[in-house]
Amino acid sequence: MQKLFIDYTPENEIILDGEQARHIARSLRMKKGDMLIVNDSKGNDFGCIIEEITKETVRLSVCYQQASDCEPDCKVRIYQANPKGSKIEDIIQKCVELGVFDITPVLTARCVSRPDEKSAKKKTERYNKIALEAAQQSGRGIVPKVNGLIPLKQAVREDDSEVKIVFYEGGGAPLRELVGENTKSVSIYIGPEGGFEKEEVDLIVSNGASAATLGKRILRTQTAPVAALSAIMLITNNLE
């Protein structure tokens with residue numbers, strides 16, 4: 001069933017307008033009497049029926065409320081070295097579908113893409129729109145946030161996850177030695193196209209992280225987070 005997100009908790013009626021209303025009326029071609037799910041962005045799903053629909057406004061009545069059962073019980077944060085081009089857009093889309101909690105682009109020594117403040121802000125807005133669309137498509141219970149671009153040192157300093165992992169082509173422990181079925185929060189650090197510098201790996205490790213490997217093959221920067229997140233979801237029983 002189609003899912004949409006709003007930023008408040010509704011009572012008996014929901015009025016949608018603007019882009020959401022146009023999406024329902026024009027793109028989805030829904031009609032009066034059709035059902036859809038509205039989520040309050042806090043993990044609560046509201047089953048709704050369309051009572052009235054125009055090209056610009058949709059009025060819904062709430063039929064039932066229930067907690068979303070689509071969220072993993074392990075919160076995975078991704079600290080992704082800022083890649084070139086549109087690679088991060090693919091990373092955001094796929095990782096939101098797989099269950100990421102949030103994504104933070106970081107600047108590392110070998111990052112080629114270094115947008116100025118204005119450009120970075122505009123990109124962040126676009127990235128969060130991609131996250132919203134992916135959350136709606138995949139039926140998430142929340143919309144994972146894409147944070148603004150920050151330096152690696154700041155990311156490491158602010159990271160408070162239970163388990164911290166840096167994936168490094170220089171080797172490390174198998175993922176199953178670091179993450180278990182009962183792990184509740186994990187941060188993963190992914191390097192740019194040229195990889196992390198040794199000093200950056202040392203910085204992350206000195207702040208409580210463990211170096212890990214995803215096997216003997218070297219993965220691209222846009223492949224590694226998807227592979228790592230999938231493996232963590234499997235280990236923590238969130239792909240069942």
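Hi everyone. I'll start with a single residue: Asp 73 is partly exposed, with a relative accessible area of 42%. Before I say who its partner is, please keep in mind that this is a predicted model.

So, which residue does Asp 73 form a salt bridge with? Its partner is Lys 184, and the closest N and O atoms of the two are 3.5 Å apart. Lys 184 counts as partly exposed too, at 41% relative accessibility. What I like about this pair is where the two ends sit. Asp 73 is in the loop between S5 and strand S6 (75-81), while Lys 184 is in the loop between strand S11 (173-174) and S12, so the pair links distant parts of the chain, 111 residues apart.

As a general reminder, side chains of opposite charge can pair when their charged atoms come close. How many salt bridges does this model have? The count comes to 13. I'll show you two others.

One is between Glu 19 and Lys 129, with the closest N and O atoms 3.9 Å apart. This is another link between distant parts of the chain: Glu 19 belongs to helix H1 and Lys 129 to helix H3 (residues 117-138), and they are 110 residues apart. On the Glu 19 side we have an exposed residue, at 52% relative accessibility. The cut-off for calling a residue exposed is over 50%, and Lys 129 has a relative accessible area of 42%, so Lys 129 is partly exposed.

The other is Arg 59 with Glu 52, where the closest N and O atoms are 3.3 Å apart. Arg 59 is partly exposed, with a relative accessible area of 27%, and Glu 52 is also partly exposed, at 41%. These two have company: Glu 13, Glu 52 and Arg 59 are linked in a network of salt bridges.

Now let's look at the sheet at the start of the chain. In what order do its strands run? There are 5 strands in an open sheet, ordered S1-S3-S4-S5-S2, and the pairing is mixed. At the edges are strand S1 (3-5) and strand S2 (13-17), each of which pairs on one side only. From one strand to the next, the twist averages 40 degrees.

If you'd like to find the S1 edge on the screen, look for strand S3 (residues 35-39): S1 and S3 run parallel and are joined by 3 bridges. A handy landmark there is Lys 3, which stands opposite Ile 37 in S3.

And what packs on this sheet? That would be helix H1 (residues 18-27), which touches S1, S2, S3, strand S4 (44-53) and strand S5 (57-67). The direction of H1 makes about 90 degrees with that of S2. You've met this helix already, as the home of Glu 19.

Let me point out a surface feature in this region. Met 1, Met 35 and Tyr 64 form a nonpolar patch on the surface, and together they have about 300 Å² of accessible area. Met 1 lies in the segment before S1, and with a relative accessible area of 63% Met 1 is exposed.

While we're here, two backbone oddities. Arg 29 has a positive phi of about 55 degrees although it is not a glycine. You'll find Arg 29 in the loop between H1 and S3, and at 64% relative accessibility Arg 29 is exposed. Ser 41 is the other non-glycine I'd flag, with a positive phi of about 65 degrees. Ser 41 sits in the loop between S3 and S4, and is partly exposed at 31%.

Last stop: strand S10 (residues 163-167). Is S10 mostly covered or mostly open? Mostly covered, as 5 of its 5 residues are buried. In a regular strand the side chains alternate between the two faces of the sheet. Here Val 163, Ile 165 and Phe 167 point one way from S10, Lys 164 and Val 166 point the other way, and all are buried. Yes, that includes a lysine.

S10 has parallel partners. Strand S12 (residues 185-190) is joined to S10 by 4 bridges, with Lys 164 opposite Ser 187. Strand S13 (residues 210-213) is joined to S10 by 3 bridges, and there Phe 167 stands opposite Ala 212.

That's my tour. Thanks for listening, and I'm happy to go back to any of these spots.

Terms used: Residues numbered from 1 in each chain as written. Predicted model: local features only at pLDDT ≥ 70, side-chain atom pairs only at ≥ 80, totals over all residues. Heavy atoms only, no water. Pairing = 2+ DSSP bridges. Axes fitted to C-alpha atoms, helices over the stretch in contact; angles between N-to-C directions. Contact = heavy atoms within 4.5 Å. Patch = residues over 30% accessible without salt bridge, like charges linked within 9 Å, V, L, I, M, F, W, Y side chains within 5 Å. Areas by Shrake-Rupley, 256 points an atom, 1.4 Å probe, with all protein chains shown as cover. Salt bridge = Lys/Arg side-chain N within 4 Å of Asp/Glu carboxyl O. Buried < 20%, exposed > 50% of the residue type's maximum accessible area, 1.4 Å probe, protein only.
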